[in-house]
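Trainee: Could we go through how the strands pair and what packs around them?
Mentor: Yes, with the model in view.

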Amino acid sequence: MTKLTRSLCFSDAEQTGIYAARLARHLRSGDVILLSGDVGAGKTHFARSLIQSLLAEPEDIPSPTFTLVQTYETAEAEIWHADLYRLTSVQEVEELGLIDAFATAICLVEWPDRLGALTPPSALSLGFKPGQSPDARSVLATWQDPRWTETVTAW
């Protein structure tokens, strides 16, 4: 399959959150979004905005840096928000149950390089980088599954 890409630019955190909420409306069980970028690049803010937009009642969305995985129930599907930064092997990913969740939940995965060969080929990858101003973000979306084309390019 051919990899497709699209560059997205957000002027501030609010615009990043709006895009996350728009993307969330198109998600369903089995969708995996891989969030990469340096510490502070905007991955967790994006994930929080996406999750919050799908919840029936607002709730605190903590970073899963230390818990590794946080789960949320929504009308659409269970959401798994994973932060793999502290993992050192692919075996640890398997022990989390994340591979099973890829088939049954909406999964947001920070530090997806830790997945190695377990990376789902149908995933949408979002690479975050600081933009021109302090609050701006540049995001490179990459995907192979044609399912993402209309969703990503709608911005």
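Trainee: How many bridges join strand 2 to strand 5?
Mentor: This is a predicted model, in which local features need pLDDT of at least 70, side-chain atom pairs count only at pLDDT 80 or more, and totals for chains, interfaces and linings use all residues. Residues are numbered from 1 along each chain as its sequence is written, and side-chain values use heavy atoms, with hydrogens and water left out. Strands are DSSP runs of E, at least two residues, and helices are runs of H or I, at least four, numbered from the N terminus; two strands pair if DSSP finds at least two bridges between them. Strand 2 runs parallel to strand 5 (residues 106-110), and the bridges joining them number four.

Trainee: Which residue of strand 6 stands opposite Leu34?
Mentor: Strand 2 is also joined to strand 6 (residues 124-130), in parallel, by four bridges. Leu34 has Val109 as its bridge partner in strand 5. In strand 6, the residue opposite Leu34 is Ser125.

Trainee: How many of the five residues in strand 2 are buried?
Mentor: Buried means under 20% relative accessible area, with a 1.4 Å probe and protein chains only. Strand 2 spans residues 32-36 and is mostly covered; its buried residues number four.

Trainee: Which helix gives the most to the largest nonpolar core?
Mentor: Such a core is a set of buried Ala, Val, Leu, Ile, Met, Phe, Trp, Tyr and Cys residues joined through side-chain atoms within 4.5 Å. The largest one has 30 residues, and Ile33, Phe46, Leu50, Leu124 and Leu126 touch the most other members. Elements giving two or more residues include strand 2, strand 5 and strand 6. The top contributor, with five residues, is helix 2.

Conventions
Buried means under 20% relative accessible area, exposed over 50%, partly exposed in between (1.4 Å probe, protein chains only).
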